[in-house]
Amino acid sequence: MEQNYSEQENDVKQDFHSVRDEIRNKNIEEKHALRIQLEGTVEELWRHFQQALRSYNEATEERKSAFEALRGRDEKSAKEIEMQMKKIQKLQDSIALVRSRLASNARESEKQNRRLQEEKEAIQGHFHTIKTQMNRARACERGQLAKLTLHSNAAIKKLQQLIEKGDYVLRLTEMCRKLETEEEKVLPFYSSSLSAEEQSQEQAAAMEPPTEQLAQAMQDYTALERFWQRYNKALLEQLALEREKAVLAQENAQLRQLLKQYLDGISVSDDTLGQLNPLFIVNQRTNARLPAVPLSEGRVARHAHTVIEAAHIVQHTI
């Protein structure tokens, strides 16, 4: 049975191989025939294509050259357009950058302008304040200058008066020097009337620092002590002479009165009889009062000059 199956299998294989070979051979023949047919068709189509190509090339030669020229121009224009686009892009970028800078500068300028405006307003306010203060200061200085001018004029007048007074004092000094006695020329300063103890006390008091304002003022004029001595001496002599002058004037008036009474007594008239008359005596009495002249009066006895040192007066006064 296996042998039969093997024989059948071999027979089937032989049949398959024979059929396959027949089909292959048939396909090869059909393929060869179809190739020959297709090659002829392809050659015919290639001839038609070449003919159509030659016709097309002949018909489109001018258009091709124009196309080539246009294509060259197009490529050139494309390159130029690309270049211009790049330029435009750069310009747009530059414009955007400039716009951003412009916007930034505008904001900064606005801030700066606002700050400058605020500073301007502050400076104007400060300027008005300073101007007001300056005007006040000018007015004050103008008033002070006017006062200073008035005080200066007054000081000039006062100094002129002092100069005139000094010239007058110098002239009086020259005149008084001519009238000085020999004793005053030899001893111009009188000797102090204070005792040694009083002089020591006065010197001790002068060495002490002054406490009161008048003593301080006197301390500043210690260099004029000799001058004040001569001045006090002259002043005391002037007072003594004025008193002596007053006494002499009183004596002169009394003498004139006595002389008038005497003249009225030796002449008789209605006016004489109506007034007090020392010669008109009734019952050994006269109606005139005769002043008594004692021996101690100034016309009989000369007054003694009392000299007091100014330092002694200042010490006991202060």
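How much area does the protein chain expose, and what share of it do carbon and sulfur atoms supply? The exposed area is about 28600 Å², and carbon and sulfur atoms supply 57% of this area. The model is a predicted one.

## Overall make-up

The protein chain contains 8 helices and 2 strands. Read from the N terminus, the order of elements is α-α-α-α-α-α-α-β-β-α. Helix 1 covers residues 2-59, and helix 2 covers residues 61-179.

Of the 318 residues in the protein chain, 6% are buried. Among contacts with a separation of 6 or more, 60% join residues that are 24 or more positions apart.

## Salt bridges: the count

The protein chain is credited with 4 salt bridges. Three of them are described below, including one in helix 1 and two in helix 2.

## Helix 1: Glu 44 and Arg 47

Glu 44 is paired with Arg 47 in a salt bridge, and their closest N and O atoms are 2.0 Å apart. The two residues are 3 residues apart in helix 1, so about one helical turn separates them.

Is Glu 44 buried or exposed? Glu 44 falls in between, as a partly exposed residue with a relative accessible area of 32%. Arg 47 is also partly exposed, at 45% relative accessibility. Both values lie between the 20% limit for buried and the 50% limit for exposed.

## Helix 2: Glu 68 and Arg 71

In helix 2, Glu 68 forms a salt bridge with Arg 71. The closest N and O atoms of this pair are 2.4 Å apart. Glu 68 and Arg 71 are 3 residues apart, which is about one turn of the helix.

Glu 68 has a relative accessibility of 32% and therefore counts as partly exposed. Arg 71, with a relative accessible area of 37%, is partly exposed as well.

## Helix 2: Glu 82 and Lys 86

A further salt bridge links Glu 82 to Lys 86. Here the closest N and O atoms are 4.0 Å apart, and the cut-off for a salt bridge is within 4 Å. Both residues belong to helix 2 and are 4 residues apart, again about one turn of the helix.

Glu 82 counts as partly exposed because its relative accessibility is 44%, between the limits of 20% and 50%.

Conventions:
Residues numbered from 1 in each chain as written. Predicted model: local features only at pLDDT ≥ 70, side-chain atom pairs only at ≥ 80, totals over all residues. Heavy atoms only, no water. Salt bridge = Lys/Arg side-chain N within 4 Å of Asp/Glu carboxyl O. Buried < 20%, exposed > 50% of the residue type's maximum accessible area, 1.4 Å probe, protein only. Contact = heavy atoms within 4.5 Å. Areas by Shrake-Rupley, 256 points an atom, 1.4 Å probe, with all protein chains shown as cover.
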